[in-house]
Amino acid sequence: MTMTQPGVTALWDELCSRVKAGDRFAGLSGSQPDGGPLVLSAYLATAGGIDTLETLLPPGAAGYPALTPRLGAAFWYERVIHDRFGVVPEGHPRLAPLIRPGPPEEHALPRHVAGYGIFTIPHGPVRSGVMESIEYLVETPGEAIPHLNMRVFYKHRGMADRFAGTTLADGVLLAERAEGIASVAHALAICHAIETIAGCQPPPAACLVRVLHAELERIANHLDVAVRLADAAGLAVATARFALHKERVQRLVSALCGSRFGRGVVMPGGVGALPLLPPAQILAEAGKLRKAVTADADALMGTSSFLDRLRGTGPLTAARAGQHGALGPIGKASGFADDARLARPYDGYPSLTQPPAPAHHAGDALARLRVRWEEVDQAFGLIRQAAEELAERTADPVRFRCDPAGGRAVGWAEAPQGEVLYDVELAGGRIVRCQPRSASFHNLVLMHEVFTGDILTDFPFIEASFGLSVAGVAL
């Protein structure tokens, strides 16, 4: 549902009022339809969907009253709007470039902490290993980390602009590549938006296939976090074991559809085809994986030296998680849970049983890992249910026609990192505007705040425990 407000102040008043009443701030974006005045669009997650509140700035407006002083979660969103459109959010506490490099004079290392012996360690954008391009600026007196800044523009690809003018099929293909490790979730979100515009509901068999791939993607991502945490702790055997399990999951995905990332499966109106493996074989392979992953996870979580490195490391308070609306495992580990599969269910999830997950409140790296193991176990259970139901629907259609000419809607999906949003507008059967928002973008800003009491050697544990993608941040 889209609601237009008469001005920026009225928009912020309505937005803050609804957040205070219990809705969750889900994002903020800007657009300039037909090159005209800037439109500000704010997104609110409700019990039944995503509401869009927006207003049109006066023609030629060079600025607007910033939202960030009233709602801190808008901090990065308004910096992106300024980077893209040059319109100034007046009163923003730190309007430094985020997704663009800025002029050369701004490349000097910033100083936010004063004191004897304070210096800045530039960590990245090139680091050892297979790591994404991000630069961490660590201000430290030697061990403690009183301030952390991040430069994410190295990975920026201008994805929002690249969607304009594409066909629906090409738009889905582009979405799958926006954040590679969450290809299925991004494809689901954009397809959900297109299907809402068309008034099209995918067939039941397709909904089950979507669940299979979404949950296998979740397992692979959480196993990757375990790999990185075990590697940070110097546990060579555990690192190798979880890397092996992740490889087996991705090989299973490839056996199902021909792509290790599940690309080409999700399409507007359904899926491209049934899995290449029969449901019985899917059940058998998933069962073996579940047994092996569970055994090694139990062994890891019984290793006291490993747990000591995670316990109390990088804590995010419950109050801060709730205030920001932290998504996915990061929010759940701090007692704030808003899982779109439960709160705003889609595809096959309403027909499947999802047992309630234990509540967590510690908010540290250990709690975040425990949430991931719980999600892995839940994912295997959903895969089993979906495969069993799919066995009874092998003769059903897998796709209905879905080619709307025009309209606008917001679609969502629960990626391994948390909720993904796509605000899509169509005209003439093509995408004229698409604004993606990943959970990685919404959550990464919280890394600024979790180093209190931690030291430099805790850094790799904290970064890995967030489990985010820089590609998803710098769309």
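Which residues are exposed on the other side of α1? They are K20 and A21. This is a predicted model, and the report below walks through one helix, two pairs of strands and one buried arginine.

**Helix α1**

Let us start with the helix itself. α1 covers residues 8-21. From its first C-alpha to its last, this 14-residue helix reaches 20 Å, close to the 20 Å expected at 1.5 Å a residue. Its buried residues are V8, L11, W12, L15, C16 and R18. These residues lie on the same side of α1, because they cover an arc of only 165° around the axis. A general point helps in reading such a pattern: an α-helix has 3.6 residues a turn, so residues three or four places apart point the same way. Just after α1 comes G22, with a positive phi near 125°.

**Strands and their pairing**

Why does strand β2 count as largely enclosed by the rest of the structure? The reason is burial: 8 of the 8 residues of β2 are buried, so the strand is largely enclosed. β2 pairs with β3, and F25 has L44 in β3 as its bridge partner.

Further along the chain there is an open sheet of 3 strands, ordered β7-β8-β9 and paired in the antiparallel sense. Its edge strands, β7 (119-123) and β9 (147-151), each pair on one side only. On average, neighbouring strands of this sheet are turned by 20° against each other, direction ignored. Where β8 meets β9, E135 has R151 as its bridge partner.

The two antiparallel pairings can be set out together:

| Strand | Partner | Bridges |
|---|---|---|
| β2 (residues 24-31) | β3 (residues 39-45) | 7 bridges |
| β8 (residues 135-140) | β9 | 5 bridges |

**A buried arginine**

Now for a residue worth clicking on in the viewer. R344 sits in the loop between α12 (340-343) and α13 (365-390). Is R344 buried or exposed? R344 counts as buried because its relative accessibility is 2%, where the cut-off for buried is under 20%.

What does the side chain of R344 make a polar contact with? The partner is the side chain of D338, at 3.2 Å. Leaving aside residues up to four places away in sequence, R344 also touches a run of residues that includes A45, T46, A47, G48, G49 and I50. Other contacts of R344 include R24, D339, W412 and E419. Two of these names link back to the strands above: R24 falls within β2 (residues 24-31), and A45 falls within β3 (residues 39-45).

Conventions:
Residues numbered from 1 in each chain as written. Predicted model: local features only at pLDDT ≥ 70, side-chain atom pairs only at ≥ 80, totals over all residues. Heavy atoms only, no water. Pairing = 2+ DSSP bridges. Helix = DSSP H or I, 4+ residues; strand = E, 2+ residues; numbered from the N terminus. Axes fitted to C-alpha atoms, helices over the stretch in contact; angles between N-to-C directions. Buried < 20%, exposed > 50% of the residue type's maximum accessible area, 1.4 Å probe, protein only. Polar contact = N/O pair within 3.5 Å; in protein donor to acceptor, adjacent residues only side chain to side chain. Contact = heavy atoms within 4.5 Å. Expected span 1.5 Å × (residues − 1). Arc of directions from axis to C-beta.
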